[in-house]
Amino acid sequence: MKESGKKGGGGGGSSPCAACKLLRRRCAQECVFAPYFPADQPHKFANVHKVFGASNVNKMLQELPVHHRGDAVSSMVYEANARVRDPVYGCVGAISSLQQQIDVLQTQLALAQAEVVHLRVRQTAISNNYGLSPTSPSSSGSPSSRAFGSHIKPIFDMDLMDHANFGESMWSC
């Protein structure tokens, strides 16, 4: 018996939720799936059902407090989609791929930081060869300071480098 004040998406309304539609059953007013699997997103439940099974999803949702169910459904949908794309590794494959990208980028960052240090040392050596200090103004009267001092400036600010974390992975224990 349908109630006239109900909207679609479960609860005895005009349209069953995506789960009840896929399972070809009547969507009851207390349907545990209806709030999380709306009728206009059938693919969302299809993948979850394919990976976990409707009965297992129902049990998991029934055992959780209502305020945690939305997060649980989001996690199941994410894992199910990952398993459909990669049946063997699922989310672990995606995480592993991202970890490899992090490692490559950290290596590239360390190399760039080493190059900055190298350039800084080289610049300091050049400045010292001309009798200049990289931090002193070029207002002295020597010919070398007038010739070179007005345009020699540090290439990079090394204060930023002092806080760099060389080569440590955020995932290492």
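**Exercise 1.** Which residue forms a salt bridge with E79, and how far apart are the closest N and O atoms?

*Solution.* The model is predicted.
Step 1. The criterion is a side-chain nitrogen of Lys or Arg within 4 Å of a carboxyl oxygen of Asp or Glu.
Step 2. The partner of E79 is R83, and the closest N and O atoms are 2.9 Å apart.
Step 3. The count for the structure comes to one salt bridge.

**Exercise 2.** Place E79 and R83 in the secondary structure, and classify each by accessibility.

*Solution.*
Step 1. Helix α4, residues 66-85, contains both E79 and R83. They are four residues apart, about one turn of the helix.
Step 2. Buried means under 20% relative accessible area, and exposed means over 50%, with partly exposed in between.
Step 3. E79 has a relative accessible area of 18%, so E79 is buried.
Step 4. R83 has a relative accessibility of 29%, so R83 counts as partly exposed.

**Exercise 3.** Determine how many disulfides the structure holds, then examine C20 and C27.

*Solution.*
Step 1. A pair of cysteine sulfur atoms has to lie within 2.5 Å to be a disulfide.
Step 2. Searching the whole structure gives zero disulfides.
Step 3. For C20, the nearest cysteine sulfur belongs to C17 and is 3.6 Å away; C20 is in no disulfide.
Step 4. For C27, the nearest cysteine sulfur is that of C20, at 3.7 Å, and C27 is likewise in no disulfide.

**Exercise 4.** Are C20 and C27 buried or exposed?

*Solution.*
Step 1. The relative accessible area of C20 is 1%, so C20 is buried.
Step 2. C27, at 5% relative accessibility, also counts as buried.

Conventions. Residues numbered from 1 in each chain as written. Predicted model: local features only at pLDDT ≥ 70, side-chain atom pairs only at ≥ 80, totals over all residues. Heavy atoms only, no water. Buried < 20%, exposed > 50% of the residue type's maximum accessible area, 1.4 Å probe, protein only. Helix = DSSP H or I, 4+ residues; strand = E, 2+ residues; numbered from the N terminus.
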